[in-house]
Amino acid sequence: MQTNDKPASSADKMEKIVSLCKRRGFVFPGSEIYGGLQGFYDFGPLGVEMKNNLKQLWWQWMTREHENIVGLDGAIITNPKVWEASGHVKSFVDPLVECKKCHHRFKADDILVEKCPDCYGELTEPRIYNILVPTELGVIEGDKTRSYLRGEACQTIYLDYKNVLSSTRGLKIPFGICQIGKAFRNEVTPGNFLFRQREFEQWDLQWFCHESEMDKWFEFWKNERMNWYKSIFTHPENLGFYEHEKLAHYAKKAFDIEYTASPVGKEMEGIHWRGDWDLSNHAKFSGEDLSYFDAEKNEKFIPQIVETSGGVDRTFLFLMLDAYTEEEDRIVLKLNYKIAPYQVAVFPLLANKPELVAKAREIYNNLKKEFNVAWDERGNIGKRYYSQDEIGTPFCVTVDFETLEDKMVTVRNRDTMQQERVEINELKKYLFNSLKF
Ligand code: GAP
């Protein structure tokens with residue numbers, strides 16, 4: 001059984017996570033050989049497995065467990081008018097002050113004194129900076145069209161909502177359209193690892209409903225999303241709500257789901273009451289009729305929207321922080337089984353015994369059709385366990401000499417470190433049951 005768990009020790013835990021992420025291939029700094037680029041990261045071999053598992057869980061929960069939610073994968077670059085209609089060209093701004101001496105910029109809201117916090121130089125008056133990332137389309141110099149990389153993933157959902165309705169049989173209000181996709185922001189202060197990046201991924205649900213039901217659905221999605229996050233975190237008690245008083249230009253009401261034990265910022269997902277802001281503006285700017293006709297009630301109206309908009313990368317970071325545990329003799333990532341990069345590792349007890357390697361390979365090949373399986377034959381068994389614990393692999397299977405006689409393997413549990421003998425024929429069933437697949 002587990003003993004000697006050390007409690008979370010915030011700031012240095014973050015450093016340890018950053019280091020583990022690089023060392024074990026979860027996350028690498030972007031463009032590192034060129035000195036990096038602030039606010040950009042690459043997901044390595046284990047990181048991409050974990051991120052894909054996470055996104056798949058979210059996707060399945062949204063689309064399979066809610067009958068009236070369908071998916072979308074919209075373009076990153078849209079007609080630039082989209083960002084005028086959405087209010088981002090005008091309102092997606094940060095007032096900044098700049099130091100006249102070292103030219104460092106700071107959010108005006110964060111600065112309480114008149115001198116630069118870095119060099120004590122004099123600061124300029126606040127100036128407005130837009131955080132949309134512009135891009136140019138076209139090949140002829142002087143004849144290029146300016147557009148933007150999307151500043152929030154959800155806008156394509158509004159643009160396509162009529163296409164979704166007309167192409168999906170039986171979809172009626174209330175219904176949802178969900179999407180996982182990249183967003184880009186010229187963040188003034190990128191930093192804190194994955195927390196504030198310039199390129200990041202969002203998972204969004206836009207829930208279309210009648211005005212009279214907004215309150216009900218806002219409460220429903222607030223609780224539904226919180227329960228989902230609780231189901232994937234190792235310490236669900238570290239999750240909480242925060243109600244915003246200062247609202248984004250599109251929102252009438254906003255709550256965050258927070259990871260309260262975070263040593264950096266806490267916001268993980270926003271639950272926003274967007275009302276008819278987006279659809280009304282897109283109708284106005286495009287000239288298209290974006291109203292919905294309810295045939296049963298004979299009523300035409302612009303749907304109201306409740307949005308749940310979360311950060312995939314922030315969730316990834318918070319899950320790592322939450323799972324990271326130092327015990328007396330090991331570091332263990334107590335990740336949810338379904339999210340861990342590998343579900344199972346297979347080892348031959350000794351790498352120089354061909355009969356053990358052959359049997360272990362047979363088991364590995366058989367399991368890999370259903371699970372993501374790690375193979376390790378280096379070092380001794382203790383080192384292999386240590387290595388798998390550190391990346392969160394829930395089960396390790398060892399083939400030893402007895403296996404050749406009794407057709408059983410040793411299965412060791414990551415969290416309890418207990419070992420049991422399991423028949424090879426029963427191994428898949430054992431893993432399915434234990435992993436709760
Ligand atoms: N569509 C609404 C929207 O984009 P937001 O609160 O600006 O709302 C939603 O963003 C989520 O996206 C945040 O809760 C956060 O998890 C994630 N996010 C926002 N900016 C981010 C950044 N610079 N780096 C990483 N994640 C970010």
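How many Å separate a polar side-chain atom of R185 from an oxygen atom of the ligand? Select R185 and the ligand together: the distance is 2.9 Å. Keep in mind throughout that this is a predicted model.

**Stop 1: the ligand**

Stay on the ligand and display its surroundings. It is surrounded by 22 residues. The closest of them are E152, Q197, E267, M268 and E307.

Next, add Q202 to the selection. One of its polar side-chain atoms is 2.9 Å from an oxygen atom of the ligand. Then show the backbone of F195, where an N or O atom lies 3.2 Å from a nitrogen atom of the ligand. For F195 the atom to pick is thus a backbone one, whereas for R185 it belongs to the side chain.

**Stop 2: two backbone details**

Select I173 and P174. The peptide bond that joins them is cis, with omega at about 0°. P174 sits in the loop between α5 and β9, the latter covering 175-184.

Move on to N192, in the loop between β9 and β10 (199-209). Which sign does phi take at N192? The value is positive, near 60°, and the residue is not a glycine.

**Stop 3: helices α5 and α7**

Select residues 155-167 for α5 and residues 277-286 for α7. The two helices pack at an angle of about 65°, and their axes are 10 Å apart. At that angle, α5 and α7 are therefore roughly perpendicular to each other. The crossing of α5 past α7 is right-handed. To see the contact, show Q155, Y158, L159 and Y161 on α5, and D278, L279 and H282 on α7. Sorted by class, this contact of α5 with α7 holds four nonpolar residues, two polar and one charged.

**Stop 4: helices α1 and α8**

Now select residues 10-23, which form α1, and residues 312-323, which form α8. Their axes are 10 Å apart and the packing angle is about 110°. How are α1 and α8 placed relative to each other, given that angle? They are roughly perpendicular. On α1, display K13, M14, I17, L20 and C21; on α8, display L317, M320 and L321. Between α1 and α8 the contact has seven nonpolar residues, no polar ones and one charged.

**Stop 5: helices α9 and α12**

Select residues 354-367 (α9) and residues 427-435 (α12). The axes of α9 and α12 come within 11 Å and cross at roughly 50°. That angle makes α9 oblique to α12. As α9 passes α12, the crossing is right-handed. The contact residues to show are I363, N366 and L367 from α9, with L427, K428 and L431 from α12. By class, the contact of α9 with α12 consists of four nonpolar residues, one polar and one charged.

**Stop 6: E402**

Finish at E402, in helix α11, which spans residues 401-406. Which residues does E402 contact, once its neighbours within four places in sequence are left aside? They are K407 and R421, so select both.

For a last distance, pick the C-alpha atoms of E402 and Q60. The two residues are 342 residues apart in sequence, and 41 Å separates their C-alpha atoms in space.

Terms used. Residues are numbered from 1 along each chain as its sequence is written. This is a predicted model: local features need pLDDT of at least 70, side-chain atom pairs count only at pLDDT 80 or more; totals for chains, interfaces and linings use all residues. Side-chain values use heavy atoms; hydrogens and water are left out. Axes are lines fitted to C-alpha atoms, for helices over the stretch in contact, and angles run from 0 to 180 degrees between N-to-C directions. Helices (H or I, at least four residues) and strands (E, at least two) are DSSP runs, numbered from the N terminus. Angles under 35 degrees count as roughly parallel, over 145 as roughly antiparallel, 65 to 115 as roughly perpendicular and the rest as oblique. A crossing is left-handed if the near helix is turned anticlockwise from the far one by less than a right angle, and right-handed if clockwise. Contact means heavy atoms within 4.5 Å. Ala, Val, Leu, Ile, Met, Phe, Trp, Tyr, Cys and Pro count as nonpolar, Asp, Glu, Lys and Arg as charged, and the others, Gly among them, as polar. A residue is near a molecule or strand if one of its heavy atoms lies within 4 Å of it. A polar contact is a pair of N or O atoms within 3.5 Å; within protein, one must be able to donate a hydrogen and the other to accept it, and residues adjacent in sequence count only if both atoms are side-chain atoms.
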